[in-house]
Amino acid sequence: MKPKQYLLWMAAATAVSLSFSACRPKGAGSAVSGNAAQRTYVPPGQYDEFYTFTSGGFSGQMSVYGLPSGRLFRVIPVFSVDPEKAWGFSEETKPMLMTSHGFVPWDDLHHIESSFTDGMPDGKWIFANSNNTPRLARIDLTTYRTSEIIEIPNTGGNHCSPFTTENSEYVIAATRFSVPPDGPASDVPIDSYKENFKGHISFVSVDKETGEFDIAFQLKTPGLNFDLSSAGKGVSNGWLFISCYNSEQSHTLLEVNASQNDKDFIMAINWKKAEEYFKAGKGTKQTNVRYAHNKYDEHTHTATHEIKTEVTVLDVADFDDLAYLIPCPKSPHGADVSPTGEYIVGSGKLAALIPVFSFEKLQNAIGNSDFESERYDGIPVMKYESALHGEVEKPGLGPLHTEFDDKGNAYTSFFVSSEVVKWDIKTLEVLDRQPTYYSVGHLMVAGGNSKKPYGKYLVAYNKITKDRFLPTGPELAHSAQLFDISGDKMELLLDFPTIGEPHYAQSLPADLIKDKSLKIYDINNNNHPFKTNGEAEARVERDGNIVRVYMTTIRSHLTPDVIEGIHQGDEVYFHITNIEQDWDMPHGFAIKGAGNSELLVMPGETQTIKWVPDRVGIFPFYCTDFCSALHQEMSGYVRVSPK
Ligand code: CUK
Ligand code: CUA
């Protein structure tokens, strides 16, 4: 590209728009490492080194990939229905997708974060947020199922989430769209934004033993848009750093209104202080909220859905020492904290540099009240220089996210110039850059957000696939690219397709997963109200027009397998109990005309399908999961007679 063209490109990229797809590096002849095949090959019967929990974006799911192979092992439904696992179809799982708006069986699963102990992934839970109807989920790594979902009140767009503190004391959820607080008073003109629209940051506590969520408290802030955040760790443990855009507090995000200021902010929050105030009874109880809290019980094998109506809110402007604003150029996206906790990296999407802030300088400035003379809606504003460690100069265009390795290096993704750039955290010197195909969004280093990154691998999650795979229709699978980062230069090893749009991921070492005791369901601990203990108990019971079929499943029969006395319009529940002794021998169940999908029932578990037959006739049912040589024989008939 000629210099003049480049300048035009810069101008276009930094000032005008975010549709940069024309500015991709040319030529897909990327430098794949010569022995890449060997380095990503996992021989038959051997395991991958890392298991990577990957967000599925608008698919609403999470998936588990192996590294370095890029093999897909599992799709875990979280905020969307999934017929393969009957998630959101079985009567037991439907309550998990209930919200204060009713049944919402889809969402935009954005970010993933593992639970931490002392700043390291502990392999207990994976947290995920939903961006649209604001929710947080907890996935249990003994069951690989979503165990809990909590809705977040007073928010719209739960993008800045689920960032986790050093010992998983809290999962943080901050609103992307500021909105008037919930309740009847929220019926206000949209152009009264500055007056009425507020940001809320939720602190969702996590029970150390069970992992159970609770919204401990919320912080109310000026009407900023919160984008991303990281909890402090090490020296900065107890703090939280959140990138904010739209410091103009414009009610429309047209660039002429919302991207005017040269700098937006990173908000630094002393969450330990906030917790102290909350525990001392500060803040107000807001009682006009409504939010869902859903839990899956592994003993009854059934989810419960509850609506809660109360939350404690602390207004940051009421306290002098809770929140500070650090100016950050321009429309910052990621706010990422280095492994030691000393440095906070801002990534202004429209900035041509990367500002790196120093926690120590920040503390000194706070200690000396070295602030700008004017506050921002009551919040002290730091002087840019007094918090700045330094700037990475000319790193690339459109910085988004930064991760870290085990050797003092940072890696930043650049959407516009479509590359990953490696730089030294202390000297801020750019050390290497590699193109990505194309337009990388998030990137992930194994353990790259922990106190001791595992390093070794980096995955770039690209937004645009273009020529990497043959078109399979106009939408191509988003491509992930695996780099080996153990040497001085990053080496591209592998392209692999992903499900939905991965925004973030967390790699856990295979050993950590392996050592976790997998939950194996024991029928003796099964407290499902409609379980069947054995074939002798299998039966059909009628109560008015409600029919319950207590059915067992074991290789190779379903009991009962001949069912008569059902009438058109009856409400029929098939409660299927899998009475296998082998832990990994699920059976499926489906019946003609029952549109609410199949079931997949684990050994020791009971699951239910509801069916209202709409006509007279004979309806076959069968096991959907090929389970033995006599799998095709696992079937039966229901006879439906007139009303
Ligand atoms: S965001 Cu996806 S590229 Cu919605 Cu985490 Cu930055
Ligand atoms: Cu059971 Cu197929």
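Helices (H or I, at least four residues) and strands (E, at least two) are DSSP runs, numbered from the N terminus. The model is predicted: local features need pLDDT of at least 70 and side-chain atom pairs pLDDT 80 or more, whereas totals for chains, interfaces and linings use all residues. Residues are numbered from 1 along each chain as its sequence is written, chains are lettered from A and ligands numbered from 1 in the order in which they are written, and side-chain values use heavy atoms, with hydrogens and water left out.

**Exercise 1. The shell of ligand 1**

Determine which residues surround ligand 1, and which strands each supply at least two of them.

Solution.
1. A residue is near a molecule if one of its heavy atoms lies within 4 Å of it.
2. The residues around ligand 1 are H110, H111, H159, L228, H333, H401, G441, H442, K463 and H503.
3. At least two residues of this shell come from β6 (109-117), and at least two from β30 (440-445).
4. For the classes, Ala, Val, Leu, Ile, Met, Phe, Trp, Tyr, Cys and Pro count as nonpolar, Asp, Glu, Lys and Arg as charged, and the others, Gly among them, as polar.
5. The shell then has eight polar residues, one nonpolar and one charged.

**Exercise 2. Aromatic pairs and charges over rings**

Classify the geometry of the pair Y437 and Y438, and identify which charged end sits over the ring of Y550.

Solution.
1. Rings of Phe, Tyr and Trp (its six-membered ring) pair if their centres lie within 6.5 Å; planes under 30 degrees apart count as stacked, over 60 as edge-to-face and the rest as tilted.
2. The structure holds 26 aromatic pairs.
3. In one of them, the ring centres of Y437 and Y438 are 5.1 Å apart and the planes stand at 85°, so this pair is edge-to-face.
4. For accessibility, buried means under 20% relative accessible area, exposed over 50%, and partly exposed in between (1.4 Å probe, protein chains only).
5. Y437 is buried at 3%, and Y438 is buried at 4%.
6. One aromatic cluster is formed by Y170, F203, F217, W271 and F278.
7. A charge sits over a ring if NZ of Lys or CZ of Arg is within 6 Å of the ring centre and within 35 degrees of the ring normal.
8. Over the ring of Y550 sits the charged end of R539, 3.7 Å from the centre; over the ring of Y245 sits that of K349, at 4.9 Å.

**Exercise 3. Salt bridges across the sequence**

Establish how many salt bridges the structure holds, and where R39 and D484 lie in the chain.

Solution.
1. A salt bridge is a side-chain nitrogen of Lys or Arg within 4 Å of a carboxyl oxygen of Asp or Glu.
2. The structure holds 29 salt bridges.
3. Among them is the bridge between R39 and D484, whose closest N and O atoms are 3.0 Å apart.
4. This pair links distant parts of the chain, 445 residues apart: R39 is in helix α2 (residues 36-40) and D484 in strand β32 (residues 479-484).
5. R39 is partly exposed at 24%, whereas D484 is buried at 7%.
6. E419 and R433 also form a salt bridge (3.0 Å, N to O).
7. E419 belongs to strand β28 (residues 419-424) and R433 to strand β29 (residues 430-435), so this bridge ties together parts 14 residues apart in sequence.
8. E419 is buried at 11%, and R433 is partly exposed at 34%.
9. Salt bridges with shared partners join R39, D484 and E491 into one network.
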